[in-house]
Amino acid sequence: MRKDELLRALEGVLEKKTFAAQDAAPATPAAVLAIIHYGDSKPRVLLTKRRENLKMHRGEISFPGGRFTQSDLTLMHTALRETEEEIGLAFGPGDVAGALQPVRTMTSNHFIVPFVTVQDRLPQLRIAQDEVAGVLDAPLIETLGTMEPDREHFRFSKTAVRFKFESNVIWGATARILKQLHEVLIRPS
């Protein structure tokens, strides 16, 4: 899928809104940045593997992002700040194509706004070793094609799904964000 095709497909679902922290009430406001890039001719998506020693969501696969802080003007600024802190990529508001529908975590009461950026190429990453165990640079369409029911987490939601990339299982809020991309980018045959 070419970049112009991908952007055209996303155009109808991305909201051009920055989201305020109050939009998350009464949950904890948070935001992530789904970074789609074209390092080669196919779209790829960056995901992070969280360190095992973190308090919450340890070892899970996620998008770069985190909790809103008072210094953030909006939840978009949260996503941009956290992305730079976690993987060293500095994007500005003009790099954000829009936001997908917010999702809530199943266990920690976070309201997460997923923002999307689509880039031709990415500069060298600078990984925050205290927070990020590694970065996964997954082929987007192929990864979206692995969607299956997540029976292990049906106790939280009967509509839970999961994705796979290499030996990694992507579930929870990250999977619900990927599912939104799946619904737009993977056409039923």
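**Exercise 1.** Among contacts between residues at least 6 apart in sequence, what percentage join residues at least 24 apart?

*Solution.* The model is predicted. Take the contacts in the protein between residues at least 6 apart in sequence. Of these, 66% join residues at least 24 apart.

**Exercise 2.** Test whether the radius of gyration agrees with that of a compact globule.

*Solution.* Start with the chain length: 189 residues. A compact globule with that many residues would have a radius of gyration near 16 Å. The protein has 15 Å, so the two agree. For the outline, use the principal axes: the C-alpha atoms fill a box of roughly 45 × 40 × 30 Å.

**Exercise 3.** Describe the largest nonpolar core and name the elements that build it.

*Solution.* First, count the elements of the fold: four helices and eleven strands. Next, take the core, which has 34 residues. L6, L10, F63, V116, L140, L181 and L185 have the most contacts inside it. Then list the elements that give two or more residues to this core. The helices are α1 (3-11), α3 (140-144) and α4 (172-185). The strands are β1 (28-37), β2 (44-50), β7 (110-119), β8 (132-139) and β10 (161-165). The largest share, seven residues, comes from α4. Finally, look for a second core: another one, of 21 residues, lies apart and includes I35, L75, I87 and F111.

**Exercise 4.** Find the contacts of L181 beyond its sequence neighbours.

*Solution.* Set aside neighbours within four places in sequence. L181 is then in contact with L10, L100, L140, L144 and I186.

**Exercise 5.** Work out how burial and surface are shared out.

*Solution.* Buried residues make up 51% of the 189 residues. The protein exposes about 9,500 Å². Carbon and sulfur atoms supply 50% of that area.

Definitions and conventions. Residues numbered from 1 in each chain as written. Predicted model: local features only at pLDDT ≥ 70, side-chain atom pairs only at ≥ 80, totals over all residues. Heavy atoms only, no water. Core = buried A, V, L, I, M, F, W, Y, C linked by side-chain atoms within 4.5 Å. Buried < 20%, exposed > 50% of the residue type's maximum accessible area, 1.4 Å probe, protein only. Contact = heavy atoms within 4.5 Å. Rg over C-alpha atoms; globule rule 2.2 N^0.38 Å. Areas by Shrake-Rupley, 256 points an atom, 1.4 Å probe, with all protein chains shown as cover.
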